[in-house]
Amino acid sequence: MSAGVRPGQAGGAGQGPPPELASRTIFEESRPGRMAVSLPEPGVPSPGAEALLPAWARRAVPPALPEVGELQLVRHYTRLSQKNLGIDTTFYPLGSCTMKYNPRLNEQIAALPGLADIHPYQDPDQVQGALELFYELEQLLAQLTGLEAVSLQPAAGAHGELTGLMCIRAWHVSRGEAARRTRVLIPDSAHGTNPASVTLCGMEAVPVRTADNGRVHLADLERKLDERVAAFMITNPSTLGLFESELPAMAERLHAAGALVYLDGANLNAMLGVIRPGDLGVDVMHVNLHKTLSTPHGGGGPGSGPIAVRSFLEPFLPVPRIVRGEDGRLRLETDRPQSIGRVKAFLGHAGMVWRAYAYLRAHSGRDLAGVAKHAVLNANYIRVRLRDHYEVAYPGMCMHEVVLSARRQKRLGASALDIAKGLLDRGFHPPTIYFPLIVPEALMIEPTETETRETLDRFCDAMIELAELAARDPEQLRQAPRTLPVRRLDEVRAARQPVLRWRAEPAPADRPPLAEGDACAAASAGVPATR
């Protein structure tokens with residue numbers, strides 16, 4: 001998710017691009033005959049593309065791609081990048097997303113030719129170094145989580161959830177209990193991906209209430225725990241930023257009932273190097289490399305969500321498995337009859353593996369625990385500074401993130417959304433809002449360990465200023481943002497009906513029409529187009 005920046009924040013000496021260029025598309029920059037690069041002849045051997053592709057797969061006319069010079073190309077995409085707030089430009093306290101800095105050293109490691117230039121179809125004997133990094137990261141994650149076996153295949157956190165649940169279901173199948181164990185208990189503060197993953201796995205999600213202290217309601221958990229339960233999915237620390245201290249007791253009760261414990265590892269940053277989830281009774285979990293281990297999010301991604309499991313679940317992990325032979329060399333093993341099969345092409349997102357490995361090696365020993373401790377310290381610093389200006393959702397110390405509520409501001413006429421929009425005008429990416437769903441007007445703030453006290457103070461000063469503005473002139477806050485390239489959008493429509501391509505107007509009669517479904521327009525040929 002991106003958001004606009006103040007004019008003058010980039011572009012040199014406070015000067016942004018001319019207004020007529022600020023919102024132009026690359027198609028509008030196009031002029032016939034211009035080019036940024038010269039491409040060699042394709043070198044397709046005889047008999048050519050006609051013999052290689054069926055007629056339905058070949059274009060009747062060339063695509064109407066934009067024609068621009070290199071300088072115009074660089075300026076256009078640089079202008080687009082300057083419209084965004086990102087972790088490299090500003091504080092990005094998106095709760096439950098752990099938007100920590102992505103170290104440049106990790107990027108250099110991932111760009112090494114021996115890693116960046118290999119191909120997934122190469123013979124394992126030719127890529128032993130890359131396989132060694134996969135293998136060693138599996139061992140490091142096993143040590144970090146206190147679990148015995150790891151698969152790096154899942155592509156993201158939600159994919160890790162699904163993969164872990166599939167392993168749990170396969171284990172129940174092996175015990176002849178899958179037919180009756182169809183329910184998964186989930187706290188009502190959970191990420192929305194938890195019940196979605198359960199549903200995709202063919203099971204039923206059953207919510208468990210949150211108690212007055214913000215933790216799992218133990219009596220409600222006990223009431224819903226029966227022979228139909230396959231697993232309990234829990235996030236620890238929870239999305240409320242609170243540590244579930246009763247997790248070992250809950251795990252003991254679940255195991256006695258024949259169920260397993262799945263940990264949503266999205267908030268592992270708060271426990272990194274301090275507590276091992278396996279020691280708390282967890283059987284399966286995923287690790288978000290793009291959160292805890294600093295690999296890039298979103299457009300800088302892709303993500304990666306490896307899963308770690310106890311040894312009795314190892315036979316069910318996805319194949320291929322990386323194993324070391326008697327000769328010391330690594331090979332890929334697929335003969336695993338109980339495996340759930342592949343869940344991802346090849347071995348996973350290799351570039352993220354290189355980056356996460358570099359991060360763990362750079363933070364080995366006591367320094368790794370310092371990551372968690374500073375993340376918790378930063379969140380509590382924000383909590384204390386803002387507690388007189390916003391309601392704190394639940395009392396007491398928090399862990400890696402603090403959940404505030406703008407209920408007080410809502411009564412004055414300004415909502416959590418208005419606070420978020422006001423932060424954009426002040427150069428900050430807003431926190432997560434309206435989540436967890438059980439907190440009215442929620443503001444979920446996760447500073448991570450990589451931010452300085454000075455940055456936290458500037459953010460808190462802005463939040464206090466917005467609280468005072470809500471009390472003094474809520475209408476002004478409802479008009480935010482005022483300084484960005486765009487104002488308030490219909491965000492629901494933008495999410496459900498995104499405009500993802502440039503559409504051409506009907507072509508002139510003397511010009512062949514574009515093929516149905518073309519993503520590129522005819523702007524370069526002078527054909528009017530609409531967005």
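This briefing covers two helix pairs and one pocket in a predicted model. The helix pairs are α7 with α8 and α6 with α11. The pocket is the second largest, with a volume of about 410 Å³.

**Helices α6 and α11**

- The axes of α6 and α11 lie 10 Å apart and make an angle of about 55 degrees.
- Angles from 65 to 115 degrees count as roughly perpendicular and those under 35 as roughly parallel, so α6 and α11 are classed as oblique to each other.
- Their crossing is left-handed.
- On the α6 side, the contact involves A130, L133, F134, E136, L137, L140 and L141; α11 contributes A350, V353, W354, A356, Y357, L360 and R361.
- This contact between α6 and α11 has twelve nonpolar and two charged residues, with no polar ones.

**The second largest pocket**

- The pocket is lined by 21 residues, and I118, H119, P120, F346 and L347 are the closest to its centre.
- Helices α5 (113-116), α6 (128-145) and α11 (350-362) each provide at least two of the lining residues.
- Sorted by class, the lining has 16 nonpolar, four polar and one charged residues.

**Helices α7 and α8**

- Helix α7 spans residues 157-174 and helix α8 residues 193-200; their axes come within 9 Å and cross at roughly 45 degrees.
- The two helices, α7 and α8, are therefore oblique to each other, and their crossing is right-handed.
- A158, E161, L162 and L165 of α7 make the contact with T193, N194, S197, V198 and L200 of α8.
- Five nonpolar, three polar and one charged residues make up the contact of α7 with α8.

How values were computed: Residues numbered from 1 in each chain as written. Predicted model: local features only at pLDDT ≥ 70, side-chain atom pairs only at ≥ 80, totals over all residues. Heavy atoms only, no water. Axes fitted to C-alpha atoms, helices over the stretch in contact; angles between N-to-C directions. Helix = DSSP H or I, 4+ residues; strand = E, 2+ residues; numbered from the N terminus. Parallel < 35°, antiparallel > 145°, perpendicular 65-115°, else oblique. Left-handed = near helix turned anticlockwise from the far one by under 90°. Contact = heavy atoms within 4.5 Å. Nonpolar A, V, L, I, M, F, W, Y, C, P; charged D, E, K, R; others polar. 1 Å grid on protein atoms, 1.4 Å probe; cavity = no way out; pocket = protein on both sides within 12 Å on 5 of 7 lines; lining within 4 Å. Points joined across faces, edges and corners; volume = space filled by probe spheres on them.
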